[in-house]
Amino acid sequence: MMKNIATLQTDLMGAIGSADTLDALEAVRIAALGKQGSVSALLKTMGSMSPEERQTQGPIINGLRESITSALASKKADLETADLNRRLASERVDMTLPAPETPRGTVHPVSQVMDELAEIFADMGFAVAEGPEIEDDWHNFTALNIPETHPARAMHDTFYFPDEMARDGQKMVLRTHTSPVQIRTMTSQEPPIRIIAPGRVYRSDSDATHTPMFHQIEGLVIDKGIHLGHLKWTLETFLKAYFEREDVVLRLRPSYFPFTEPSVEVDVGYSVVNGKRVIGGAEGWMEVLGSGMVHRKVIEACGLDPDVWQGFAFGTGVDRLAMLKYGMDDLRAFFDGDNRWLQHYGFNALDVPTLSGGVGA
Amino acid sequence: MKFSLSWLKEHLDTDADIHAVADCLNRIGLEVEGIENPADALSAFRIAKVLSAAPHPQADKLQVLSVDAGGEPLQVVCGAPNARAGMLGVFGPAGAVVPANGMVLKVAAIRGVESNGMMCSIAELELGDDHDGIIELSEDAPVGQVYADWAGLDDPVIDVSITPNRQDCMGVRGIARDLAAAGLGTLRGLGEVYKIDLSVPLEGSDAAPIVRTDDAAGCPAFYAQSVSGVRNGDAPEWMRSKLKAIGQKPISLLVDITNFVSIDLGRPLHVYDRDKLNGALVARKAVDGEQMVALNGKTYTLDASMTVIADDAMVHDIGGIMGGEHSGVSEGTTDVLIECAFFDPEHIARTGQKLALTSDARQRFERGVDPAFLDDGLAIATKLVLDHAGGTASAIARSGQAPVAPRNIVYDTDYCRRLGGINVPQDEQRNIIERLGFSVTSDWNVGVPSWRRDVDGPADIVEEVVRMVGLDNVLSVPLPRADGVATPTATPAQSLERKVRRAAAARGLNEAVNWSFLPQKAADAFGGGDWSLANPISEDMKVMRPSLLPGLLSAAQRNMDRGASSVRLFEIGRRYFAGTDGTSDERVTAGIVLAGERSTRNWASGKAARFDAFDAKAEAIALLKAAGVATDGLLVMDDAGAHYHPGQSATLRMGPKNILAAFGTLHPATAKAFDLDGNVVAAEIFLDAIPLKKAAGFMRPAFTPPALQAVTRDFAFLVALDTPANDLVRSIKGCDKDNIVAVRLFDRFVGQGVPEGQVSLAVEVTLQPSDKSYSDDDLKAISDKVIAAATKLGAVLRG
């Protein structure tokens, strides 16, 4: 009997070991532990055994069952793992294949720079003001102390609309600068005023460096006791913040704009790095801004008392600021919609200018 | 305004070099646009003596010279017939660049004989047109010296941009006066410069010419003097070289004198040939339709607003702008009439604008010449004529009176600090403005000099003081800053625009900035523009855009032409309409154009996919969502516009009237008009139509997720083919708002099993129980409501 059990165990273990599929293993299990199984048959014999016999044979037979059961389980796990590995091996995909492409969108440099300027000037308390691009003659010229025969009008290369579009006797024009927003702001809100006004402006001029449409930004401060020193500080502070450089040097030159007195033109110093002009230092000078103390006649034209309120205004080209900071050298490309250019110079949607993260991107 | 350094120094006694002059000009507001020194290009060319000249062994027309240019004698091959032993000329050694043609001289064999450079002609050095032979210099020319230095060519020319207010600096003397006031030197007396005593009139015994002004508004003063018996030849060399240096071509003595005085003193003159005149010369208004052939050869038709100078027969001068051809001086002129008049700046500006005629005279008169300089100007002109053309002067004719009334400004010296931000002591302020020619009384009543038409208020005086003290000396003062961190400044509309822009870029669209103006045809195809320019730069840029799409489509087409396979462009900008009150109604809009492939051909999905109308719809809805619009409630209606495919486009509306967006496939005819092939889809989001959110604080409503899980039920209905799916979805959604929280259309089928003319639409309805789970009866009741709602639309539940 003992010898038979030992033989049975050896046989079964051999069968388990050589089962190479789950089905074969199941057949071994049924042959051993099934209703008609060899081990089940031995278990059944225990019922007819004497207590003494059972005491000696019982543990042996139970031991056989346990070892077979656990050998089956362990073999089953092995076979399942092998099966899974086989399947996974068959599921291999070339991970060097390209993933689905997602298009990259961009924000135009003009928009980005306008956002940068809004952020910088917000910190100095300037709100963003707006005005129409199709203006009447009064707002664009007359209120800015540019009467009809003023030679400065000739400098503006104005786009006009036909006389029949005139309103209240005012010829309608495409605004030649963002300065009419000064007038609209002063006539619609009480001082103190601090605004910037970015937007499209138009001049009938087209060559390598001029386009008939471009972008300007206007700044206006009207308050009590504002003088040229405040203007100087504001421009220095703004340009340092915009270029994110401490070595920005300004050169102020007396100039002339009909709507400011005194008028100041502002050059910014540049250095030459790898053949390109970079803002900072003072190897040469580039004109970047026009500015001055708002002319008494302009303040008067807006219904304010120039003996009480005074202030300064400045204006500069947004496209030009973008070019100076980011290195584009052709203004015309700004308005061409060339996807390659937009991909090259455009900005990531998440490059939102912030003071904490830096306004530039 | 150009002048040479030596010209400036005729008026300004100074040792300053060109850099000091340029720095000072910039500092005081006379912007230096450029400095050119003709000597720079000639620095390598030296004075040389021809020691010997022998025939070239290989060529009849060449000679072999031995040249002394200050070192060892050099062998030079030369083709000039005038080259000969003993002469002095200008030698360019190897390495020098010939100005006329940019050629770099080299040591080279010419027909077998080595030549070490070149003897140069006038033309080769760009000093004139003469190229008949090499330059011959006088015997005293120092051999070996740089030719340009010896010849006085080392005279830089400065180009200064004169702002429109500074008519006094439209003459070299005015610039010298400003520099002297800034401390750069001393202004010489005018009599000293012209060697003339201006305290006594320069008058002859001949009768004065008869001149008169009948137009006191346009020509308040008309002075004239004639000189008879003149010879009109070449101007003297000093005058010719000054004019040439600044790029003015010498014409003849009499013409050059007027040009010279205009540039030197900012005083325009006109000289008439008296033999061509008939009777008195009168300043009057033109007769409508009167014509004149001007000195530029063009015929101008005049009107009654324009001031002219005419005699009994015809118009001889468009007053203050340009003279007439008929009475212009010529070689044979013997008797001249010199006109020195004052024309009203506004009249000149209007006439010039109307005729589109500009001239040096107009530039000066319209800015306003010195009204107190008529007598002196005329005397100087007459003296120059007498000195260089001979003849005898007549008496002076004076008609009218230039506006020389004194102008005074009450000035408070503290205004300099309050406006200019710099405290300048009273004495210094007084010194500055007196140096500029102003007079100052003890109580600060400031008299403005006649030549400073631009100064008309105390702020102008501040400007004078500040520019002379130097803007560098104005200290920066921080603007007062409000307490705390900066407060937000963007308006709701500005915030909305920023969000939409960044959302579009985040969705893979590229922002373009297109012209605001369109060709007429493009504007017409998109509803027509209200605003057409009277003076467009070209027909392609004529009408202010009523839509952003034409600009985007043109940009898409340019990209396609460059080989792009896919274009995703957007723009945020204004559309321009006329408001009912005639003002401009500018509406901020986002436009989107998608053209070409949505996805390229691909190993996973196969063929390239093209954009369709639903891509446009997706963008429109995404951007509206970014703008804060609850898009689920929007109506989808027709009438997107004629530029869209009528069956594949729609509008998104908030209520039946307020159109927030339009989208769809572009009409094939529109695509064709823009030269675009295949499907092009577009969307327009009318940002100005989106109601702006009112600020409602930052607190969100409490988060209350339902306690019970939602259940879904699917329904399939047969509806008429033309029933909008959204109608079915909306009516189901509305039939039991207590239970139905979402309805999603997930299948649409036409074909086998669906009767002709019908479509099967399947929806998934999400039901949210509130306090207890649904019983079978509850679900049955809801299901009945869904079916009833669908039945109202003619839908039949599929079995």
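This tour moves through a predicted model of two chains, A and B, one selection at a time.

**Chain A: domains**

Begin by colouring chain A by its domain assignment, which gives domain 1 (2–88) and domain 2 (109–344). Place a marker at the centre of each domain, taken over C-alpha atoms; 94 Å separate the two centres.

**Chain A: helices 3 and 4**

Select residues 38–45 and 51–90 of chain A, which are helix 3 and helix 4. Their axes come within 10 Å and cross at roughly 155 degrees. Angles over 145 degrees count as roughly antiparallel, so helix 3 of chain A is roughly antiparallel to helix 4 of chain A. The crossing of these two helices is left-handed.

Now show side chains at the contact. Helix 3 of chain A contributes V39(A), L42(A) and L43(A), while helix 4 of chain A contributes I61(A), L64(A), R65(A) and I68(A). By class, this contact has 6 nonpolar residues, no polar residue and 1 charged residue.

**Chain A: strands 7 to 10**

Next, select residues 260–273 and 276–279 of chain A, strands 7 and 8, which run antiparallel and are joined by 4 bridges. One position to centre on is S271(A), which stands opposite V278(A) in strand 8. The two strands form a hairpin with 2 residues between them. In the turn, N274(A) has a positive phi of about 50 degrees.

Keep strand 7 of chain A on display and add strand 9 (residues 284–294) of chain A. These two strands pair in the antiparallel sense over 9 bridges. Within this pairing, G269(A) has W285(A) of strand 9 as its bridge partner.

From strand 9 of chain A, continue to strand 10 (residues 310–317) of chain A, to which strand 9 is paired in the antiparallel sense over 4 bridges. Here G292(A) stands opposite A313(A) in strand 10.

**Where the chains meet**

Which residues of chain B should be selected to see its contact with chain A? In all, 74 residues of chain B are in contact with 67 residues of chain A. A useful place to look is helix 14 (residues 492–506) of chain B, which supplies the largest share of the chain B side, 7 residues. Coloured by class, the side of chain B that touches chain A has 36 nonpolar, 19 polar and 19 charged residues.

**Chain B: domains**

Hide chain A and colour chain B by domain. The division of chain B is as follows:

- domain 1 of chain B: 2–37 + 156–188
- domain 2 of chain B: 40–150
- domain 3 of chain B: 211–400
- domain 4 of chain B: 407–472
- domain 5 of chain B: 492–689
- domain 6 of chain B: 711–797

Between the centres of domain 2 and domain 6 of chain B, taken over C-alpha atoms, the separation is 102 Å.

**Chain B: the sheet of 5 strands**

Select the open sheet of chain B whose 5 strands have the order 6-5-4-7-10, with antiparallel pairing. Strand 6 (74–78) and strand 10 (117–119) of chain B stand at the edges; each has a single partner strand, so one side of each is left without a neighbour in the sheet. From one strand to the next, the twist averages 45 degrees.

At one of these edges, strand 7 (residues 88–93) of chain B pairs with strand 10 of chain B in the antiparallel sense over 3 bridges. Label G92(B) and its bridge partner in strand 10, M118(B).

**Chain B: helices 8 and 9**

Move to residues 345–355 and 360–367 of chain B, helix 8 and helix 9, which pack at an angle of about 140 degrees with their axes 7 Å apart. The two helices are therefore oblique to each other. Their crossing is left-handed.

For the contact, display P345(B), I348(B), A349(B) and G352(B) of helix 8 together with R362(B), F365(B), E366(B) and R367(B) of helix 9. By class, this contact has 4 nonpolar, 1 polar and 3 charged residues.

**Chain B: the sheet of 3 strands**

The last stop is the open sheet of chain B in which 3 strands take the order 24-26-25, with antiparallel pairing. Strand 24 (407–410) and strand 25 (439–440) of chain B stand at its edges, each with a single partner strand, so one side of each has no neighbour in the sheet. Strand 24 of chain B is joined to strand 26 (residues 445–448) of chain B by 4 bridges. To finish, centre on V410(B), whose bridge partner in strand 26 is N445(B).

Conventions. Residues are numbered from 1 along each chain as its sequence is written. Chains are lettered from A and ligands numbered from 1 in the order in which they are written. This is a predicted model: local features need pLDDT of at least 70, side-chain atom pairs count only at pLDDT 80 or more; totals for chains, interfaces and linings use all residues. Two strands pair if DSSP finds at least two bridges between them. Axes are lines fitted to C-alpha atoms, for helices over the stretch in contact, and angles run from 0 to 180 degrees between N-to-C directions. Two residues are in contact if their C-beta atoms, placed from the backbone, lie within 7 Å. Ala, Val, Leu, Ile, Met, Phe, Trp, Tyr, Cys and Pro count as nonpolar, Asp, Glu, Lys and Arg as charged, and the others, Gly among them, as polar. Domain bounds come from an automatic or database domain assignment. Angles under 35 degrees count as roughly parallel, over 145 as roughly antiparallel, 65 to 115 as roughly perpendicular and the rest as oblique. A crossing is left-handed if the near helix is turned anticlockwise from the far one by less than a right angle, and right-handed if clockwise.
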